[in-house]
Amino acid sequence: MSGAALGLEIVFVFFLALFLLHRYGDFKKQHRLVIVATLLAWYLCFLIVFILPLDVSTTIYNRCKLAVNSSPAESNGSYITLAPSKQKCFKPWSYIPNGIMPIFWRVVYWTSQFLTWILLPFMQSYARSGGFSITGKIKTALIENAIYYGTYLLIFGAFLIYVAVNPKFNLQWNQLQTIGIAAANTWGLFLLVLLLGYGLVEIPRSHWNGAKRGYLLMKTYFKAAKLMTEKADAEENLEDIMEEVRKVSESIKYNHPLRKCVDTILKKCPTEYQERMGRNMDDYEDFDERQSSYPSEKSLVKLHKQVIYSVQRHRRTQVQWQMLLEQAFYLEDVAKNETSATRQFVHTFQSQEPENKIIQYFYTPTVEWYWECLLRPWFYRVLAVVLAMFSVIVVWSECTFFSTNPVLSLFAVFIQLAEKTYNYIYIEMACFLTIFFLSTCVYSTVFRIRVFNYYYLASHHQTDAYSLLFSGMLFCRLTPPLCLNFLGLTHMDATISHRHGQPTAYTSIMGSMKVLSFIADGFYIYYPMLVVILCIATYFSLGTRCLNLLGFQQFMGDSEMTSDLIDEGKELIRREKRKRQRQEEGENRRREWKERYGNREDSTRNRVVHTEQKESSFSETNTNRPLSKYTRSNGRTERDRIELLQDAEPLDFNADSINDDPLESDSGR
């Protein structure tokens with residue numbers, strides 16, 4: 001089993017990252033480089049979280065071996081026996097051989113740092129650029145990142161000059177590397193505490209509120225009112241942009257040098273707008289070089305960028321509106337079925353997507369009623385209580401992990417108790433649950449936050465390339481300080497525990513923070529205590545109240561604006577529900593009409609066709625019989641008739657020759 005656990009987790013984490021990226025990104029429409037870069041960033045960050053418990057168990061075993069080697073011992077198979085105390089050091093099932101983990105952590109860490117500080121910012125500007133060629137997009141990305149890269153180079157250059165001039169410092173390359181790592185981890189820890197303080201409170205509270213049906217329904221109405229406003233704004237913005245595209249398309253003709261750029265813009269427009277512009281365009285009209293009102297290439301680049309943004313936003317709001325309608329209809333069905341006497345879940349609308357037959361077999365209407373109306377609320381309450389207990393333990397440990405005698409951090413107590421008995425399964429499970437909960441609190445906040453319309457992770461394949469790359473940057477910057485914070489909570493970091501033993505392979509890659517003592521002994525220890533203040537602020541919704549005062553509508557139960565938006569959203573949902581009901585009623589009537597009269601019409605149509613076939617066959621047999629006998633004479637008669645018609649002169653029309661009296665016409669004939 002040596003190294004097998006590492007290989008299994010590497011494969012599992014890859015498919016986990018691929019699944020999440022498929023949920024938020026669009027593999028068909030987005031650029032492959034964006035998908036690959038985001039997948040690599042997410043994969044490396046998730047991999048660090050899953051592999052770190054194996055590093056901890058391997059380090060504990062290596063410490064046991066060092067203790068054995070420093071005293072008389074006997075080797076016996078898969079474990080080592082101490083001679084004086086007869087203590088056994090069992091090899092863990094997930095043991096990773098020496099030399100593998102340092103190389104693994106070095107590759108993973110520096111690859112993630114290269115992504116977050118160099119490649120992903122450049123790709124963000126490249127993906128957001130409106131250039132029409134690869135060279136133009138690269139040029140725009142370099143210009144936009146010149147200030148970004150220049151700031152870091154200026155700070156790093158000033159630091160190097162200060163170190164070179166000052167004779168007190170004699171820094172080597174390893175120390176400069178450690179300083180760079182410390183600077184990156186300090187920035188990440190600053191953001192980590194902010195996100196962690198929000199997630200520690202919001203995740204248990206969201207699960208507790210998930211057990212309240214009325215609460216979820218009211219919040220869905222509130223979201224519907226806000227989303228309808230955003231949807232109308234997106235449609236209006238798209239109309240304005242398409243009007244500008246139409247004017248540009250009409251002014252730049254087919255033989256203009258910039259016509260290729262206009263065609264590229266038209267391909268990014270929705271299909272209905274492309275057809276409308278294609279009908280109104282005259283391709284045979286040449287452009288006039290003397291006319292000076294043609295747009296420039298720079299303005300077309302700007303228009304191209306606006307088209308990409310407006311089309312993406314319009315598509316996202318349309319999909320989100322449909323998903324929100326399905327959620328609102330389902331919550332209303334749950335509220336109706338709670339008082340059902342039959343105890344069978346009845347849906348107002350059938351699902352538009354075909355359901356799996358296995359799920360239909362086991363998840364029957366009765367099972368669905370018991371889960372949705374009885375079991376699910378209690379399950380969410382129990383889960384919320386468990387998560388709240390985890391949050392309290394994390395907050396306590398963040399405030400006391402620097403105390404080594406006595407050990408006050410609960411996570412450190414759990415790990416040390418398991419270390420005495422060398423219960424590696426318990427050690428790995430405790431480490432995994434701890435770091436998984438910490439990463440869930442941080443990463444879920446990254447998925448929830450929204451910076452206006454510039455950064456927003458939307459599910460159902462509606463996240464744009466800029467937001468995907470930005471999330472990869474955040475993950476790569478947050479994961480290393482998150483892991484260091486976890487090792488500090490469990491006292492596996494020698495800087496915190498002050499234990500003279502073998503450190504974990506991860507901390508050996510980070511280097512000794514004693515080079516910057518004010519960061520190692522000050523910021524890393526006391527700054528995480530601010531998580532208490534952030535948890536209190538999140539519990540009382542201070543951030544939500546501040547945003548509400550600034551004009552950003554937030555869901556607050558005691559706000560008059562919230563009540564108005566709930567009423568508006570409820571009316572919108574009711575209107576959409578009536579609309580869908582009318583559509584389904586119309587489809588049902590057409591289906592019933594086809595089932596009732598379709599067979600009769602088909603039989604009548606078949607009878608008529610059969611009769612016509614009989615008549616045609618009978619007439620053909622009657623006409624074909626004399627043809628074989630009189631073919632030559634009929635052919636000569638037909639030729640004579642054609643010659644007479646050719647020699648005949650056309651008659652002029654004379655109104656006086658028309659006689660209305662039928663008797664006169666008969667006598668004349």
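Is Lys231 buried or exposed at 12% relative accessibility? Lys231 counts as buried. The legends below concern a predicted model.

**Figure 1. Overview of the chain.** This predicted model contains 22 helices and 5 strands. The chain has 669 residues, and 38% of them are buried. Its accessible surface comes to about 40,000 Å², with 60% belonging to carbon and sulfur atoms. Among contacts with a separation of 6 or more, 76% are between residues 24 or more positions apart. The structure holds 13 salt bridges, some of which appear in the views that follow.

**Figure 2. The annotated coiled-coil segment, residues 224–251.** The feature "coiled-coil region" is placed at these residues by UniProt, in an unreviewed entry. In the model, residues 224–251 are 100% helix and 0% strand. The C-alpha atoms at the two ends of this stretch are 40 Å apart. Helix H6 spans residues 213–251.

**Figure 3. A salt bridge within helix H6, between Glu235 and Lys231.** The two side chains meet at 3.2 Å, taken from N to O. Glu235 and Lys231 are separated by about one helical turn because they are 4 residues apart in helix H6. Burial differs across the pair: Glu235 is partly exposed at 31% relative accessibility, whereas Lys231 is buried at 12%. The cut-off for buried is under 20% relative accessible area, so Lys231 falls in that class and Glu235 does not.

**Figure 4. A salt bridge between Asp233 and Arg313.** The side chains of Asp233 and Arg313 are 3.0 Å apart, N to O. This pair links distant parts of the chain, with Asp233 in helix H6 and Arg313 in helix H9 (residues 297–337), 80 residues apart. Asp233 has a relative accessible area of 38% and is partly exposed. Arg313, at 8% relative accessibility, is buried.

**Figure 5. A salt bridge between Arg580 and Glu326.** The N to O distance in this pair is 2.8 Å. Arg580 lies in helix H20 (residues 560–627) and Glu326 in helix H9, and the pair links parts of the chain 254 residues apart. Arg580 is buried, with a relative accessible area of 12%, while Glu326 is partly exposed, with 34%. Elsewhere, Glu230, Arg316 and Arg450 are joined into one network by salt bridges that share partners.

**Figure 6. The loop between strand S5 and helix H14, with Thr463 and His461.** Strand S5 covers residues 455–456 and helix H14 covers 465–489. Thr463, in the loop between them, is buried, with a relative accessible area of 1%. A polar atom of the Thr463 side chain lies 2.6 Å from the backbone oxygen of Ala458. With neighbours within four places in sequence left aside, the contacts of Thr463 are Tyr24, Gln30, Gln312, Tyr456, Leu457, Ala458 and Leu468. His461 is in this loop as well. Although His461 is not a glycine, its phi is positive, at about 65°. His461 is partly exposed, with a relative accessible area of 31%.

**Figure 7. Backbone geometry at His491 and at the Asn405–Pro406 bond.** His491 lies in the loop between H14 and helix H15 (494–497). Its phi is positive, at about 60°, although His491 is not a glycine. At 2% relative accessibility, His491 is buried. Asn405 and Pro406 are joined by a cis peptide bond, with omega about 5°. Pro406 is in the loop between helix H11 (365–400) and helix H12 (410–421).

**Figure 8. Nonpolar cores.** In soluble globular proteins, nonpolar side chains tend to be buried together. The largest nonpolar core here has 96 residues, of which Trp42, Trp105, Leu200 and Tyr506 touch the most other members. Helix H2 (residues 32–69) gives the most to this core, with 22 residues. Leaving aside neighbours within four places in sequence, Leu200 contacts Ser391, Val394, Val395, Phe437, Cys441, Val531 and Cys535. A second, separate core has 19 residues, including Leu258, Ile265, Tyr294 and Leu300.

Terms used
Residues are numbered from 1 along each chain as its sequence is written. This is a predicted model: local features need pLDDT of at least 70, side-chain atom pairs count only at pLDDT 80 or more; totals for chains, interfaces and linings use all residues. Side-chain values use heavy atoms; hydrogens and water are left out. UniProt positions are given in the numbering used here, feature names are shortened, and annotations may be inferred rather than shown by experiment. A salt bridge is a side-chain nitrogen of Lys or Arg within 4 Å of a carboxyl oxygen of Asp or Glu. Buried means under 20% relative accessible area, exposed over 50%, partly exposed in between (1.4 Å probe, protein chains only). A polar contact is a pair of N or O atoms within 3.5 Å; within protein, one must be able to donate a hydrogen and the other to accept it, and residues adjacent in sequence count only if both atoms are side-chain atoms. Contact means heavy atoms within 4.5 Å. Accessible areas come from the Shrake-Rupley method with a 1.4 Å probe; for residues, only the protein chains shown count as cover. A nonpolar core is a set of buried Ala, Val, Leu, Ile, Met, Phe, Trp, Tyr and Cys residues joined through side-chain atoms within 4.5 Å.
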